[in-house]
Amino acid sequence: MDNPPTDTPPPLKRNSNDVGWEYGVLCDARSLDKVKCKLCGKEFSGGVFRMKEHIAHLKGNVSACPVSSKEDQEKCKKAVLEGKNKKNLKRKHEEALRAEVNISKDSGTEELERELGALKTPYSQGPIDQYVSSINPEASLAAQTRQQSIHDAISKEKTHVVRQYCSRWLYHTSIPFNAIDNDSFRLFCEALGQFGPGWVPPSQYQLREPLLIEEQQRTKEKLKILEEEWEREGCSLMTDAWSDMKRRSIMNLCVNSRGGTCFLSSKDTSKDSHTGEFIFNYIDQCIEDIGADKIVQVVTDNATNNVAAAKMLKQKRPRIFWTGCAAPTVDLMLEGI
Ligand SMILES: [Zn+2]
């Protein structure tokens, strides 16, 4: 579901130490592309980089600012040059890093690969041959077995080296180990393998903006199928509260239907007292958002405040059932034994 709209729009002045923002502001706070010169009032696309070119009289992409002083021009020219140098250094650093990677050398399988090459019948190499080793069908049985065992040994050693790279990344960035028990991660590994060498990872900006927006859109498309099902067959609303690792009290709402369970919303309720009325208001608002006619039942645990909320729900919406969740009920029964 959409996040509730915020009352205050993001500021036009950027919270950044880039020199360009001393001379310009954003035309629209939601886009970093369109900027307006504070000196001459000219508006143009290209963000803060283009603003510095405008002030510095660096021609080619944008007209020169008629108002900027010699001092302003020098300041922005220096910033553009420094930016370019920084970019070049970063590119060189990345190239050097990539050149360091040689999994044949790291795994010590170069010798085996040479032997495997000698066992194979010479034939013209295509682009895919650098990634695979075929078993020569015309070789003798002994040679075929030898080829297979060399192939397996190389594969095992190289797999180990790639795993070392993967684990180092996880350790250096403190990513929880369970992040790899995830289909998305496996799909990513497969896609990367199919791409081959030279893949360029996304920048932080790409992750934060365009890729995130695309993923949100993709999720919304998937949810549409579930929403149609809620309309057709009805759904259950489920809510629970717990404390996270930072001891914040979190309350969430999920919707369940035949197609599966989907997360609807959550909120930090550390500062609120979890009275029956508070829980009722949270649930009732969600019922309103989804559409009361689509909801068959509301499922919560049997805590006193939830039971109080259930009573209020029954009064306002007598058509919707309230059901105590079976899992905590069984848990309480077993605790009593
Ligand atoms: Zn200007």
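Just past helix α1, H57 adopts a positive phi of about 60 degrees. The model is a predicted one, and the helix that leads up to H57 is a good place to start looking at it. Helix α1 covers residues 47-56, and eight of its ten residues are buried, so the rest of the structure largely encloses it. The buried set is made up of G47, V48, M51, K52, E53, H54, I55 and A56. As for what sits over these buried residues, the cover includes three strands, β1 (24-26), β2 (35-37) and β3 (43-44), along with helix α2 (70-100).

Helix α1 turns up again in the lining of the second largest pocket, where α1, α2 and α7 (204-208) each put in at least two residues. This pocket holds about 1,300 Å³ of space. Its lining runs to 27 residues, and those closest to the centre are S16, D18, V48, F49 and K52. V48 and K52 are also among the buried residues of α1. The biggest share of the lining comes from α2, which gives eight residues. By residue type, the lining splits into eleven charged, nine nonpolar and seven polar.

Further along the chain comes an open sheet of five strands, with mixed pairing and the order β6-β5-β4-β7-β8. The edges are taken by β6 (260-268) and β8 (321-324); each has a single partner strand, so one side of each goes without a neighbour in the sheet. From one strand to the next, the twist averages 25 degrees. At the β8 end, β7 (residues 295-300) and β8 run parallel and are joined by four bridges. V298 has W322 of β8 as its bridge partner.

Helix α9 (residues 276-290) packs on this sheet and touches four of its strands, namely β4 (235-243), β5 (249-257), β6 and β7. The direction of α9 makes about 35 degrees with that of β5. One residue worth picking out in α9 is D284. With a relative accessible area of 9%, D284 falls under the 20% cut-off, so this acidic side chain belongs to a residue that counts as buried. Once neighbours within four places in sequence are set aside, the contacts of D284 are with K316 and R317.

Definitions and conventions: Residues are numbered from 1 along each chain as its sequence is written. This is a predicted model: local features need pLDDT of at least 70, side-chain atom pairs count only at pLDDT 80 or more; totals for chains, interfaces and linings use all residues. Side-chain values use heavy atoms; hydrogens and water are left out. Two strands pair if DSSP finds at least two bridges between them. Axes are lines fitted to C-alpha atoms, for helices over the stretch in contact, and angles run from 0 to 180 degrees between N-to-C directions. Contact means heavy atoms within 4.5 Å. Buried means under 20% relative accessible area, exposed over 50%, partly exposed in between (1.4 Å probe, protein chains only). On a 1 Å grid over the protein atoms alone, a cavity is a set of points where a 1.4 Å probe fits but cannot get out, and a pocket is an open set with protein on both sides within 12 Å along at least five of seven lines; lining residues have an atom within 4 Å of a point. Grid points are joined across faces, edges and corners, and a volume is the space filled by probe spheres set on the points. Ala, Val, Leu, Ile, Met, Phe, Trp, Tyr, Cys and Pro count as nonpolar, Asp, Glu, Lys and Arg as charged, and the others, Gly among them, as polar.
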